[in-house]
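Thanks, everyone. I would like to spend a few minutes on the salt bridges in this structure and on where their partners sit.

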Amino acid sequence: MEMRYRILFFISFIVNLLYSQNIEFTAKVSKENLGLNERLRIEFSMNKNGDNFTPPNFKDFTVVMGPSQSVSESWINGKRSFSKTYGYILQPTAKGKFTIGQASIEIDGKTYRTSPIQITVTEAVSNPSIDKTSNDVAKDNLFLIAEVSKPNPYLNEAVSVVYRLYVGGQVALNDLRSVDTPKYPNFWSQEIRLQDYDVENCTHNGKPFRCIVVKKVVLYPQKDGNITLEPLTLEAILSVPTTERDFFGRPIMDQVAKRVTSGNRTINVKALPEAGKPANFSGAVGEFSFNVTTSKKELKSNESLQAKVEISGNGNLKLFDIPKLTFPTALEVYNPEKKDNITTSISGMRGQVEEFYTVVPQFKGKYPITSVSFSYFNPKTEKYETINSDEIWIDVTEGPTGNGQNSSNSIVKQDVKTQGNQFRFLQLNSDLQPIGKSSFFGSTRYYLWLFLPLLLIPIALILWKVQQKKTSDIEGNKVRAANKLAKKYLSEAKRKLNDKNTFYEALERALHNYLKAKLKIETSEMSKEKISELLSLRNVNPQTISEFLGLLKNCEMARYSPIDRVSMENDYRKSVQTLSELDKQIRK
(Lines give C-alpha, C1' and ligand atoms only; values in the text may rest on other atoms or scores of the structure.)
Protein backbone atom coordinates (compact mmCIF):
# COMPACT_ATOMS: atom_id res chain seq x y z
CA MET A 1 0.00 0.00 0.00
CA GLU A 2 2.80 2.40 0.90
CA MET A 3 4.57 1.56 -2.39
CA ARG A 4 1.38 2.44 -4.34
CA TYR A 5 1.21 5.94 -2.76
CA ARG A 6 4.85 6.55 -3.57
CA ILE A 7 4.25 5.61 -7.22
CA LEU A 8 1.18 7.91 -7.47
CA PHE A 9 3.07 10.76 -5.83
CA PHE A 10 5.97 10.31 -8.23
CA ILE A 11 3.67 10.26 -11.29
CA SER A 12 1.83 13.39 -10.05
CA PHE A 13 5.16 15.15 -9.48
CA ILE A 14 6.36 14.32 -12.99
CA VAL A 15 3.04 15.49 -14.55
CA ASN A 16 3.12 18.77 -12.62
CA LEU A 17 6.75 19.29 -13.52
CA LEU A 18 6.03 18.72 -17.20
CA TYR A 19 2.95 20.98 -17.06
CA SER A 20 4.83 23.73 -15.22
CA GLN A 21 7.46 23.66 -17.92
CA ASN A 22 4.78 24.78 -20.40
CA ILE A 23 3.88 27.93 -18.40
CA GLU A 24 5.07 31.11 -20.11
CA PHE A 25 5.22 34.67 -18.79
CA THR A 26 6.87 37.05 -21.24
CA ALA A 27 7.28 40.77 -21.92
CA LYS A 28 7.54 42.37 -25.35
CA VAL A 29 7.71 45.97 -26.57
CA SER A 30 6.49 47.57 -29.80
CA LYS A 31 9.98 49.08 -30.41
CA GLU A 32 13.36 49.03 -28.72
CA ASN A 33 14.62 52.24 -30.35
CA LEU A 34 12.43 55.36 -30.36
CA GLY A 35 12.60 59.13 -30.45
CA LEU A 36 12.01 61.31 -27.44
CA ASN A 37 8.64 62.39 -28.87
CA GLU A 38 7.46 58.82 -29.55
CA ARG A 39 5.69 56.26 -27.42
CA LEU A 40 6.06 52.53 -27.00
CA ARG A 41 3.66 49.81 -25.99
CA ILE A 42 4.75 47.07 -23.61
CA GLU A 43 2.73 43.88 -23.02
CA PHE A 44 3.14 41.25 -20.30
CA SER A 45 1.55 37.96 -21.44
CA MET A 46 0.95 34.60 -19.74
CA ASN A 47 -0.56 31.35 -21.03
CA LYS A 48 -2.14 30.45 -17.70
CA ASN A 49 -4.12 32.64 -15.36
CA GLY A 50 -2.21 33.94 -12.38
CA ASP A 51 -2.50 36.24 -9.37
CA ASN A 52 -0.66 39.18 -7.82
CA PHE A 53 0.66 40.70 -11.03
CA THR A 54 3.38 43.27 -10.22
CA PRO A 55 4.60 45.56 -13.02
CA PRO A 56 8.16 46.88 -13.13
CA ASN A 57 9.06 50.36 -11.94
CA PHE A 58 8.83 52.53 -15.09
CA LYS A 59 11.14 55.10 -13.50
CA ASP A 60 12.46 56.53 -16.79
CA PHE A 61 9.08 56.68 -18.48
CA THR A 62 5.67 58.27 -18.02
CA VAL A 63 2.76 55.84 -18.04
CA VAL A 64 0.39 57.40 -20.58
CA MET A 65 -2.16 54.60 -20.34
CA GLY A 66 -2.50 51.35 -18.48
CA PRO A 67 -2.71 48.84 -17.30
CA SER A 68 -5.22 47.56 -19.86
CA GLN A 69 -6.13 43.91 -19.56
CA SER A 70 -7.32 41.39 -22.14
CA VAL A 71 -8.11 37.68 -21.86
CA SER A 72 -8.45 35.19 -24.70
CA GLU A 73 -9.47 31.54 -24.38
CA SER A 74 -10.28 28.99 -27.08
CA TRP A 75 -10.56 25.26 -27.76
CA ILE A 76 -9.12 23.90 -31.01
CA ASN A 77 -9.29 20.14 -31.74
CA GLY A 78 -9.92 19.49 -28.08
CA LYS A 79 -6.88 21.47 -27.01
CA ARG A 80 -7.34 24.48 -24.72
CA SER A 81 -5.57 27.74 -25.51
CA PHE A 82 -5.39 30.56 -22.94
CA SER A 83 -3.81 34.01 -22.99
CA LYS A 84 -3.92 36.92 -20.57
CA THR A 85 -2.16 40.22 -21.23
CA TYR A 86 -1.44 43.40 -19.26
CA GLY A 87 -0.61 46.37 -21.50
CA TYR A 88 0.92 49.83 -20.93
CA ILE A 89 1.74 52.77 -23.19
CA LEU A 90 4.92 54.60 -22.13
CA GLN A 91 6.44 57.98 -22.98
CA PRO A 92 10.20 58.42 -22.39
CA THR A 93 11.23 61.33 -20.14
CA ALA A 94 14.80 61.78 -21.42
CA LYS A 95 17.33 60.59 -24.00
CA GLY A 96 19.62 57.66 -23.28
CA LYS A 97 19.67 53.92 -22.72
CA PHE A 98 17.23 52.61 -20.16
CA THR A 99 16.20 49.24 -18.76
CA ILE A 100 12.62 48.20 -18.14
CA GLY A 101 12.84 45.86 -15.19
CA GLN A 102 11.15 42.57 -14.44
CA ALA A 103 7.42 42.04 -13.93
CA SER A 104 6.22 39.17 -11.73
CA ILE A 105 3.13 36.96 -11.46
CA GLU A 106 2.10 34.05 -9.21
CA ILE A 107 0.79 30.96 -11.04
CA ASP A 108 -0.12 27.85 -9.06
CA GLY A 109 1.78 29.16 -6.04
CA LYS A 110 4.97 29.75 -7.99
CA THR A 111 6.39 33.17 -8.95
CA TYR A 112 7.36 33.83 -12.57
CA ARG A 113 9.31 36.87 -13.82
CA THR A 114 9.92 38.44 -17.22
CA SER A 115 13.34 39.30 -18.57
CA PRO A 116 14.57 42.92 -18.46
CA ILE A 117 14.32 44.87 -21.74
CA GLN A 118 16.82 47.45 -23.00
CA ILE A 119 15.36 50.61 -24.59
CA THR A 120 17.29 53.30 -26.48
CA VAL A 121 15.78 56.80 -26.64
CA THR A 122 17.19 59.19 -29.28
CA GLU A 123 16.49 62.79 -30.32
CA ALA A 124 12.94 63.72 -31.23
CA VAL A 125 12.02 62.58 -34.74
CA SER A 126 10.18 64.61 -37.40
CA ASN A 127 7.49 61.96 -38.05
CA PRO A 128 6.88 60.28 -34.72
CA SER A 129 5.16 56.92 -34.57
CA ILE A 130 2.95 57.06 -31.50
CA ASP A 131 0.88 54.30 -29.94
CA LYS A 132 -2.33 56.19 -29.33
CA THR A 133 -4.36 55.94 -26.15
CA SER A 134 -8.14 56.04 -25.96
CA ASN A 135 -7.85 59.75 -25.10
CA ASP A 136 -5.70 60.30 -28.17
CA VAL A 137 -8.27 58.58 -30.38
CA ALA A 138 -11.10 60.61 -28.82
CA LYS A 139 -9.13 63.85 -29.29
CA ASP A 140 -8.53 63.10 -32.98
CA ASN A 141 -12.16 62.16 -33.65
CA LEU A 142 -14.17 64.71 -31.68
CA PHE A 143 -14.32 68.49 -32.04
CA LEU A 144 -16.88 71.32 -31.86
CA ILE A 145 -17.12 74.22 -34.32
CA ALA A 146 -19.18 77.43 -34.06
CA GLU A 147 -20.27 78.26 -37.61
CA VAL A 148 -21.05 81.99 -37.98
CA SER A 149 -23.20 83.05 -40.95
CA LYS A 150 -21.82 86.63 -41.20
CA PRO A 151 -18.44 87.49 -39.66
CA ASN A 152 -18.83 91.18 -40.71
CA PRO A 153 -22.47 92.18 -40.13
CA TYR A 154 -23.91 95.65 -39.73
CA LEU A 155 -25.18 96.87 -36.37
CA ASN A 156 -28.58 95.21 -35.69
CA GLU A 157 -28.23 92.83 -38.66
CA ALA A 158 -29.11 89.18 -37.99
CA VAL A 159 -26.23 86.74 -37.47
CA SER A 160 -26.84 83.02 -37.03
CA VAL A 161 -24.46 80.78 -35.07
CA VAL A 162 -24.71 77.00 -35.48
CA TYR A 163 -22.69 74.82 -33.11
CA ARG A 164 -21.83 71.57 -34.87
CA LEU A 165 -20.21 68.56 -33.17
CA TYR A 166 -18.00 66.37 -35.40
CA VAL A 167 -17.56 62.67 -34.51
CA GLY A 168 -15.24 60.52 -36.60
CA GLY A 169 -13.90 57.00 -36.99
CA GLN A 170 -15.38 54.19 -34.92
CA VAL A 171 -15.94 56.49 -31.95
CA ALA A 172 -19.53 56.30 -30.68
CA LEU A 173 -21.29 59.12 -28.80
CA ASN A 174 -23.13 57.81 -25.73
CA ASP A 175 -24.11 60.97 -23.87
CA LEU A 176 -23.71 64.74 -24.17
CA ARG A 177 -24.25 67.58 -21.72
CA SER A 178 -23.53 71.29 -21.59
CA VAL A 179 -20.79 72.52 -19.23
CA ASP A 180 -20.45 76.23 -20.11
CA THR A 181 -23.04 78.08 -22.19
CA PRO A 182 -22.23 81.45 -23.85
CA LYS A 183 -24.24 84.46 -22.63
CA TYR A 184 -23.86 86.91 -25.62
CA PRO A 185 -23.77 90.12 -23.49
CA ASN A 186 -23.42 92.50 -26.48
CA PHE A 187 -26.20 90.96 -28.55
CA TRP A 188 -29.94 90.62 -28.59
CA SER A 189 -30.13 86.83 -28.81
CA GLN A 190 -32.72 84.12 -29.25
CA GLU A 191 -31.96 80.40 -29.20
CA ILE A 192 -33.69 78.19 -31.76
CA ARG A 193 -35.00 75.24 -29.77
CA LEU A 194 -33.98 71.83 -31.12
CA GLN A 195 -36.45 68.97 -30.83
CA ASP A 196 -33.79 66.30 -31.25
CA TYR A 197 -30.22 65.77 -32.37
CA ASP A 198 -30.02 65.15 -36.11
CA VAL A 199 -26.97 63.21 -37.32
CA GLU A 200 -25.61 63.93 -40.81
CA ASN A 201 -22.65 62.67 -42.80
CA CYS A 202 -20.16 65.44 -43.54
CA THR A 203 -16.49 66.02 -44.29
CA HIS A 204 -13.83 68.20 -42.65
CA ASN A 205 -10.38 68.69 -44.18
CA GLY A 206 -11.19 65.85 -46.56
CA LYS A 207 -12.02 63.33 -43.79
CA PRO A 208 -15.50 61.86 -43.25
CA PHE A 209 -17.32 62.65 -40.01
CA ARG A 210 -20.76 62.37 -38.47
CA CYS A 211 -22.07 65.86 -37.68
CA ILE A 212 -24.56 66.73 -34.94
CA VAL A 213 -26.08 70.19 -34.57
CA VAL A 214 -26.17 70.77 -30.80
CA LYS A 215 -27.19 74.45 -30.61
CA LYS A 216 -28.59 77.21 -32.86
CA VAL A 217 -28.86 80.87 -31.94
CA VAL A 218 -29.75 84.10 -33.74
CA LEU A 219 -27.85 87.23 -32.70
CA TYR A 220 -28.45 90.94 -33.37
CA PRO A 221 -25.30 92.92 -32.43
CA GLN A 222 -26.03 95.97 -30.27
CA LYS A 223 -22.67 97.71 -30.61
CA ASP A 224 -20.11 98.06 -33.37
CA GLY A 225 -16.49 96.95 -33.36
CA ASN A 226 -14.88 93.59 -32.64
CA ILE A 227 -17.06 91.44 -30.36
CA THR A 228 -15.83 88.07 -29.08
CA LEU A 229 -18.34 85.26 -28.73
CA GLU A 230 -17.92 83.23 -25.57
CA PRO A 231 -17.22 79.52 -26.26
CA LEU A 232 -19.67 76.68 -25.81
CA THR A 233 -18.19 73.81 -23.79
CA LEU A 234 -19.66 70.31 -23.84
CA GLU A 235 -18.78 67.07 -22.08
CA ALA A 236 -19.20 63.93 -24.19
CA ILE A 237 -19.21 60.31 -23.02
CA LEU A 238 -17.66 58.23 -25.80
CA SER A 239 -17.04 54.59 -26.63
CA VAL A 240 -13.55 54.42 -28.15
CA PRO A 241 -12.09 51.27 -29.77
CA THR A 242 -8.81 50.01 -28.29
CA THR A 243 -6.14 47.73 -29.75
CA GLU A 244 -7.45 44.89 -27.58
CA ARG A 245 -9.76 42.23 -28.99
CA ASP A 246 -12.47 40.15 -27.32
CA PHE A 247 -13.08 36.41 -27.72
CA PHE A 248 -14.70 36.94 -31.13
CA GLY A 249 -11.95 39.23 -32.43
CA ARG A 250 -13.92 42.44 -32.06
CA PRO A 251 -12.15 45.55 -30.67
CA ILE A 252 -12.74 46.16 -26.97
CA MET A 253 -14.37 49.56 -26.42
CA ASP A 254 -13.16 51.96 -23.75
CA GLN A 255 -15.46 54.53 -22.08
CA VAL A 256 -13.91 58.02 -22.26
CA ALA A 257 -15.23 61.35 -20.94
CA LYS A 258 -14.04 64.16 -23.20
CA ARG A 259 -14.62 67.92 -22.99
CA VAL A 260 -14.76 69.91 -26.21
CA THR A 261 -15.08 73.64 -26.76
CA SER A 262 -16.03 75.72 -29.75
CA GLY A 263 -13.32 78.25 -28.91
CA ASN A 264 -13.66 82.02 -29.14
CA ARG A 265 -15.05 83.53 -32.33
CA THR A 266 -14.70 87.22 -33.15
CA ILE A 267 -17.36 89.13 -35.08
CA ASN A 268 -16.44 92.48 -36.62
CA VAL A 269 -19.63 94.57 -36.43
CA LYS A 270 -19.82 97.51 -38.84
CA ALA A 271 -21.43 100.76 -37.72
CA LEU A 272 -24.35 102.06 -39.78
CA PRO A 273 -23.22 104.78 -42.19
CA GLU A 274 -23.84 108.39 -41.19
CA ALA A 275 -24.09 109.56 -44.80
CA GLY A 276 -27.72 109.74 -45.87
CA LYS A 277 -29.13 108.74 -42.46
CA PRO A 278 -32.73 110.13 -42.25
CA ALA A 279 -33.67 112.29 -39.28
CA ASN A 280 -36.52 109.93 -38.33
CA PHE A 281 -34.37 106.75 -38.41
CA SER A 282 -35.04 104.73 -35.23
CA GLY A 283 -32.73 101.73 -35.72
CA ALA A 284 -34.69 99.47 -38.12
CA VAL A 285 -32.34 97.17 -40.11
CA GLY A 286 -33.65 94.72 -42.69
CA GLU A 287 -36.19 94.71 -45.51
CA PHE A 288 -39.64 96.07 -44.65
CA SER A 289 -42.95 97.30 -46.01
CA PHE A 290 -44.90 100.10 -44.30
CA ASN A 291 -48.60 100.94 -44.42
CA VAL A 292 -51.19 103.09 -42.60
CA THR A 293 -54.91 102.19 -42.91
CA THR A 294 -58.20 102.93 -41.17
CA SER A 295 -61.12 100.62 -40.51
CA LYS A 296 -63.48 103.20 -42.11
CA LYS A 297 -63.27 106.65 -43.63
CA GLU A 298 -66.88 107.80 -43.14
CA LEU A 299 -68.76 107.79 -39.82
CA LYS A 300 -70.89 109.83 -37.42
CA SER A 301 -69.64 111.77 -34.45
CA ASN A 302 -69.17 109.72 -31.27
CA GLU A 303 -68.73 106.60 -33.41
CA SER A 304 -65.24 105.08 -33.44
CA LEU A 305 -62.75 103.87 -36.00
CA GLN A 306 -59.37 102.21 -35.82
CA ALA A 307 -56.23 103.54 -37.48
CA LYS A 308 -53.53 100.89 -37.97
CA VAL A 309 -49.79 101.38 -38.52
CA GLU A 310 -48.22 98.17 -39.86
CA ILE A 311 -44.57 97.29 -40.54
CA SER A 312 -43.85 93.85 -42.00
CA GLY A 313 -40.86 92.03 -43.43
CA ASN A 314 -37.67 90.49 -42.07
CA GLY A 315 -35.21 92.24 -39.77
CA ASN A 316 -34.92 93.44 -36.19
CA LEU A 317 -38.68 93.80 -35.75
CA LYS A 318 -38.50 93.92 -31.94
CA LEU A 319 -35.72 96.49 -31.73
CA PHE A 320 -37.00 99.76 -33.17
CA ASP A 321 -39.80 102.29 -32.60
CA ILE A 322 -42.94 102.45 -34.76
CA PRO A 323 -43.70 105.91 -36.23
CA LYS A 324 -46.48 107.75 -34.40
CA LEU A 325 -49.58 109.17 -36.13
CA THR A 326 -50.73 112.75 -35.61
CA PHE A 327 -54.44 113.63 -35.51
CA PRO A 328 -56.48 116.87 -35.52
CA THR A 329 -57.40 117.90 -32.00
CA ALA A 330 -61.09 117.62 -32.92
CA LEU A 331 -60.60 113.84 -32.89
CA GLU A 332 -60.42 112.09 -29.55
CA VAL A 333 -57.59 109.52 -29.75
CA TYR A 334 -56.75 106.78 -27.23
CA ASN A 335 -53.26 105.49 -26.52
CA PRO A 336 -52.20 103.00 -29.22
CA GLU A 337 -52.29 99.25 -28.62
CA LYS A 338 -49.30 97.31 -29.93
CA LYS A 339 -49.53 93.81 -31.41
CA ASP A 340 -46.96 91.65 -33.16
CA ASN A 341 -46.77 88.38 -35.00
CA ILE A 342 -43.08 87.52 -35.22
CA THR A 343 -41.36 84.19 -35.79
CA THR A 344 -37.63 83.71 -35.28
CA SER A 345 -35.79 81.15 -37.39
CA ILE A 346 -32.11 80.59 -38.03
CA SER A 347 -32.25 83.36 -40.68
CA GLY A 348 -33.63 85.93 -38.18
CA MET A 349 -36.94 87.57 -37.28
CA ARG A 350 -39.81 87.67 -39.78
CA GLY A 351 -43.42 88.86 -39.44
CA GLN A 352 -45.16 92.13 -38.64
CA VAL A 353 -45.61 94.65 -35.84
CA GLU A 354 -48.75 96.81 -35.60
CA GLU A 355 -50.11 99.70 -33.56
CA PHE A 356 -53.86 100.36 -33.37
CA TYR A 357 -55.29 103.79 -32.55
CA THR A 358 -58.93 104.05 -31.47
CA VAL A 359 -60.32 107.37 -32.80
CA VAL A 360 -63.65 109.00 -31.80
CA PRO A 361 -64.62 112.23 -33.68
CA GLN A 362 -66.47 114.94 -31.74
CA PHE A 363 -67.77 117.20 -34.52
CA LYS A 364 -69.09 116.96 -38.01
CA GLY A 365 -66.57 117.69 -40.77
CA LYS A 366 -63.58 116.31 -42.67
CA TYR A 367 -60.32 115.64 -40.85
CA PRO A 368 -56.90 114.56 -42.20
CA ILE A 369 -54.57 111.93 -40.82
CA THR A 370 -51.35 113.34 -42.14
CA SER A 371 -48.71 111.30 -43.95
CA VAL A 372 -45.93 109.74 -41.81
CA SER A 373 -42.65 108.24 -42.94
CA PHE A 374 -40.71 105.14 -41.90
CA SER A 375 -36.97 104.82 -42.54
CA TYR A 376 -34.79 101.72 -42.33
CA PHE A 377 -31.34 100.55 -43.37
CA ASN A 378 -31.19 97.76 -45.95
CA PRO A 379 -27.97 95.74 -45.43
CA LYS A 380 -28.26 94.17 -48.90
CA THR A 381 -28.19 97.49 -50.74
CA GLU A 382 -26.21 99.15 -47.91
CA LYS A 383 -28.50 102.18 -48.17
CA TYR A 384 -31.21 103.88 -46.14
CA GLU A 385 -34.72 103.62 -47.53
CA THR A 386 -37.78 105.69 -46.60
CA ILE A 387 -41.46 104.83 -47.13
CA ASN A 388 -44.18 107.49 -46.83
CA SER A 389 -47.79 106.65 -46.04
CA ASP A 390 -50.70 108.24 -47.89
CA GLU A 391 -52.70 111.06 -46.30
CA ILE A 392 -56.08 109.78 -45.13
CA TRP A 393 -59.27 111.93 -44.78
CA ILE A 394 -61.94 111.07 -42.24
CA ASP A 395 -65.46 112.28 -43.18
CA VAL A 396 -67.74 112.78 -40.15
CA THR A 397 -71.20 113.06 -41.73
CA GLU A 398 -73.38 113.75 -38.69
CA GLY A 399 -72.89 115.51 -35.39
CA PRO A 400 -72.46 118.98 -33.89
CA THR A 401 -70.52 121.44 -35.98
CA GLY A 402 -67.56 123.51 -34.92
CA ASN A 403 -65.68 126.39 -36.52
CA GLY A 404 -62.35 125.38 -38.01
CA GLN A 405 -63.09 121.71 -37.56
CA ASN A 406 -60.70 120.81 -40.32
CA SER A 407 -57.77 122.28 -38.41
CA SER A 408 -55.28 119.81 -37.09
CA ASN A 409 -54.24 121.97 -34.13
CA SER A 410 -57.31 123.67 -32.68
CA ILE A 411 -60.94 123.16 -31.79
CA VAL A 412 -63.42 126.09 -31.81
CA LYS A 413 -65.92 125.69 -29.00
CA GLN A 414 -69.63 125.62 -29.83
CA ASP A 415 -72.00 128.46 -28.84
CA VAL A 416 -73.98 127.72 -25.70
CA LYS A 417 -77.63 127.07 -26.44
CA THR A 418 -80.28 127.52 -23.74
CA GLN A 419 -83.55 125.65 -23.59
CA GLY A 420 -86.62 126.72 -21.55
CA ASN A 421 -85.83 127.71 -17.95
CA GLN A 422 -82.44 126.03 -18.01
CA PHE A 423 -80.89 128.99 -16.06
CA ARG A 424 -83.90 130.07 -13.99
CA PHE A 425 -83.41 131.99 -10.67
CA LEU A 426 -82.67 129.75 -7.74
CA GLN A 427 -85.00 129.87 -4.70
CA LEU A 428 -83.33 131.57 -1.72
CA ASN A 429 -85.86 130.89 1.07
CA SER A 430 -85.67 127.28 2.22
CA ASP A 431 -88.03 125.25 4.37
CA LEU A 432 -85.25 123.50 6.34
CA GLN A 433 -86.08 122.45 9.91
CA PRO A 434 -83.54 121.92 12.79
CA ILE A 435 -82.93 118.32 13.86
CA GLY A 436 -82.77 117.08 17.40
CA LYS A 437 -79.53 116.93 19.41
CA SER A 438 -77.40 113.99 18.39
CA SER A 439 -76.52 111.41 20.99
CA PHE A 440 -73.22 110.65 19.20
CA PHE A 441 -71.19 113.65 20.46
CA GLY A 442 -69.76 112.97 23.91
CA SER A 443 -70.53 109.24 23.69
CA THR A 444 -68.06 106.35 23.99
CA ARG A 445 -68.12 105.87 20.23
CA TYR A 446 -67.26 109.54 19.73
CA TYR A 447 -64.12 109.33 21.91
CA LEU A 448 -63.20 105.94 20.43
CA TRP A 449 -63.20 107.39 16.91
CA LEU A 450 -61.46 110.51 18.19
CA PHE A 451 -58.47 108.69 19.72
CA LEU A 452 -58.32 105.70 17.35
CA PRO A 453 -55.93 107.48 14.88
CA LEU A 454 -53.53 108.18 17.75
CA LEU A 455 -53.51 104.48 18.62
CA LEU A 456 -52.95 103.50 14.99
CA ILE A 457 -49.85 105.69 14.58
CA PRO A 458 -47.42 103.43 16.62
CA ILE A 459 -48.90 100.33 14.95
CA ALA A 460 -48.31 101.88 11.54
CA LEU A 461 -44.72 102.75 12.50
CA ILE A 462 -44.02 99.18 13.63
CA LEU A 463 -45.47 97.76 10.41
CA TRP A 464 -43.46 100.27 8.38
CA LYS A 465 -40.21 99.24 10.10
CA VAL A 466 -40.99 95.55 9.53
CA GLN A 467 -41.66 96.25 5.86
CA GLN A 468 -38.46 98.29 5.55
CA LYS A 469 -36.44 95.48 7.11
CA LYS A 470 -38.08 92.97 4.79
CA THR A 471 -37.44 95.17 1.77
CA SER A 472 -33.77 95.67 2.67
CA ASP A 473 -33.31 91.90 3.04
CA ILE A 474 -32.36 91.42 -0.61
CA GLU A 475 -31.04 87.89 -0.11
CA GLY A 476 -34.16 86.87 1.81
CA ASN A 477 -36.41 88.36 -0.86
CA LYS A 478 -34.57 86.36 -3.50
CA VAL A 479 -35.03 83.19 -1.46
CA ARG A 480 -38.75 83.85 -0.94
CA ALA A 481 -39.23 84.67 -4.63
CA ALA A 482 -37.39 81.52 -5.67
CA ASN A 483 -39.51 79.44 -3.26
CA LYS A 484 -42.69 80.86 -4.78
CA LEU A 485 -41.42 80.21 -8.30
CA ALA A 486 -40.46 76.62 -7.41
CA LYS A 487 -44.00 75.94 -6.13
CA LYS A 488 -45.50 77.73 -9.13
CA TYR A 489 -43.52 75.76 -11.71
CA LEU A 490 -44.05 72.47 -9.88
CA SER A 491 -47.81 73.10 -10.02
CA GLU A 492 -47.50 74.11 -13.67
CA ALA A 493 -45.60 70.89 -14.43
CA LYS A 494 -48.43 68.85 -12.93
CA ARG A 495 -50.95 70.65 -15.17
CA LYS A 496 -48.81 70.02 -18.28
CA LEU A 497 -48.46 66.25 -18.02
CA ASN A 498 -49.99 65.95 -21.49
CA ASP A 499 -47.24 68.08 -23.08
CA LYS A 500 -43.75 66.58 -22.71
CA ASN A 501 -41.71 69.67 -23.59
CA THR A 502 -43.73 72.10 -21.47
CA PHE A 503 -43.82 69.62 -18.56
CA TYR A 504 -40.03 69.14 -18.41
CA GLU A 505 -39.37 72.87 -18.90
CA ALA A 506 -41.60 73.66 -15.91
CA LEU A 507 -40.08 70.83 -13.86
CA GLU A 508 -36.54 72.03 -14.59
CA ARG A 509 -37.47 75.59 -13.59
CA ALA A 510 -38.95 74.28 -10.33
CA LEU A 511 -35.76 72.36 -9.52
CA HIS A 512 -33.54 75.35 -10.37
CA ASN A 513 -35.65 77.77 -8.30
CA TYR A 514 -35.57 75.35 -5.37
CA LEU A 515 -31.77 75.42 -5.52
CA LYS A 516 -31.82 79.23 -5.71
CA ALA A 517 -33.90 79.30 -2.53
CA LYS A 518 -31.96 76.70 -0.55
CA LEU A 519 -28.38 77.13 -1.75
CA LYS A 520 -28.54 80.83 -2.75
CA ILE A 521 -26.88 80.31 -6.13
CA GLU A 522 -27.75 81.64 -9.54
CA THR A 523 -28.79 79.53 -12.55
CA SER A 524 -25.48 80.26 -14.31
CA GLU A 525 -23.59 78.52 -11.45
CA MET A 526 -25.69 75.34 -11.53
CA SER A 527 -23.25 72.75 -12.85
CA LYS A 528 -23.81 69.24 -11.54
CA GLU A 529 -20.43 69.30 -9.79
CA LYS A 530 -21.26 72.58 -8.04
CA ILE A 531 -24.72 71.34 -6.97
CA SER A 532 -23.28 68.08 -5.63
CA GLU A 533 -20.57 69.94 -3.71
CA LEU A 534 -22.98 72.43 -2.10
CA LEU A 535 -25.52 69.76 -1.15
CA SER A 536 -22.76 67.63 0.39
CA LEU A 537 -21.66 70.63 2.47
CA ARG A 538 -25.25 70.85 3.75
CA ASN A 539 -25.03 67.19 4.93
CA VAL A 540 -27.46 65.89 2.32
CA ASN A 541 -27.53 62.11 1.85
CA PRO A 542 -25.54 61.03 -1.27
CA GLN A 543 -28.51 59.00 -2.48
CA THR A 544 -30.77 62.09 -2.32
CA ILE A 545 -28.12 64.12 -4.21
CA SER A 546 -27.96 61.40 -6.86
CA GLU A 547 -31.76 61.37 -7.21
CA PHE A 548 -31.85 65.18 -7.58
CA LEU A 549 -29.11 65.18 -10.23
CA GLY A 550 -30.91 62.30 -11.96
CA LEU A 551 -34.05 64.44 -12.21
CA LEU A 552 -32.05 67.29 -13.78
CA LYS A 553 -30.55 64.82 -16.25
CA ASN A 554 -34.02 63.48 -17.11
CA CYS A 555 -35.16 67.05 -17.85
CA GLU A 556 -32.22 67.50 -20.23
CA MET A 557 -32.59 64.10 -21.93
CA ALA A 558 -36.36 64.50 -22.37
CA ARG A 559 -35.74 67.17 -25.02
CA TYR A 560 -33.99 64.69 -27.26
CA SER A 561 -35.76 61.38 -26.64
CA PRO A 562 -39.37 60.13 -26.56
CA ILE A 563 -40.94 59.94 -23.09
CA ASP A 564 -44.30 58.34 -22.21
CA ARG A 565 -46.83 59.70 -19.72
CA VAL A 566 -46.00 57.02 -17.14
CA SER A 567 -42.36 58.17 -17.05
CA MET A 568 -43.47 61.79 -16.75
CA GLU A 569 -45.76 60.96 -13.81
CA ASN A 570 -42.94 59.02 -12.17
CA ASP A 571 -40.58 61.99 -12.60
CA TYR A 572 -43.19 64.32 -11.06
CA ARG A 573 -43.77 62.08 -8.03
CA LYS A 574 -40.02 61.61 -7.63
CA SER A 575 -39.53 65.40 -7.76
CA VAL A 576 -42.03 65.98 -4.95
CA GLN A 577 -40.43 63.23 -2.83
CA THR A 578 -36.86 64.40 -3.51
CA LEU A 579 -37.60 68.05 -2.71
CA SER A 580 -39.32 66.93 0.48
CA GLU A 581 -36.25 64.86 1.45
CA LEU A 582 -33.93 67.79 0.71
CA ASP A 583 -36.06 70.05 2.94
CA LYS A 584 -35.61 67.60 5.80
CA GLN A 585 -31.87 67.08 5.31
CA ILE A 586 -30.55 70.55 4.48
CA ARG A 587 -29.24 72.20 7.63
CA LYS A 588 -29.41 75.97 7.56
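Let me begin with lysine 300 and glutamate 398, whose side chains meet in a salt bridge at 3.9 Å, N to O, in what I should say at once is a predicted model. This pair links distant parts of the chain, 98 residues apart, with lysine 300 in the loop between strand S22 (298-299) and strand S23 (305-315), and glutamate 398 in the loop between strand S30 (392-396) and helix H3 (444-472). Lysine 300 is partly exposed, at a relative accessible area of 38%, and glutamate 398 also counts as partly exposed, at 43%.

Moving into strand S23 itself, we find lysine 308, which forms a salt bridge with glutamate 354, again given as 3.9 Å from N to O. Glutamate 354 lies in strand S26 (residues 348-361), so that the two partners are 46 residues apart in the chain. Here lysine 308 is partly exposed at 23%, whereas glutamate 354, at 15% relative accessibility, counts as buried because it falls under the 20% cut-off.

The next pair is glutamate 287 and lysine 380, with an N to O distance of 3.2 Å in their salt bridge. Glutamate 287 belongs to strand S21 (residues 286-294), while lysine 380 sits in the loop between strand S28 (373-378) and strand S29 (383-388), 93 residues apart. Lysine 380 is exposed, at 68% relative accessibility, and glutamate 287 is partly exposed, at 31%.

Finally, a salt-bridge network links Arg177, Glu235 and Arg259, and a search of the whole structure finds 16 salt bridges.

Definitions and conventions. Residues are numbered from 1 along each chain as its sequence is written. This is a predicted model: local features need pLDDT of at least 70, side-chain atom pairs count only at pLDDT 80 or more; totals for chains, interfaces and linings use all residues. Side-chain values use heavy atoms; hydrogens and water are left out. A salt bridge is a side-chain nitrogen of Lys or Arg within 4 Å of a carboxyl oxygen of Asp or Glu. Helices (H or I, at least four residues) and strands (E, at least two) are DSSP runs, numbered from the N terminus. Buried means under 20% relative accessible area, exposed over 50%, partly exposed in between (1.4 Å probe, protein chains only).
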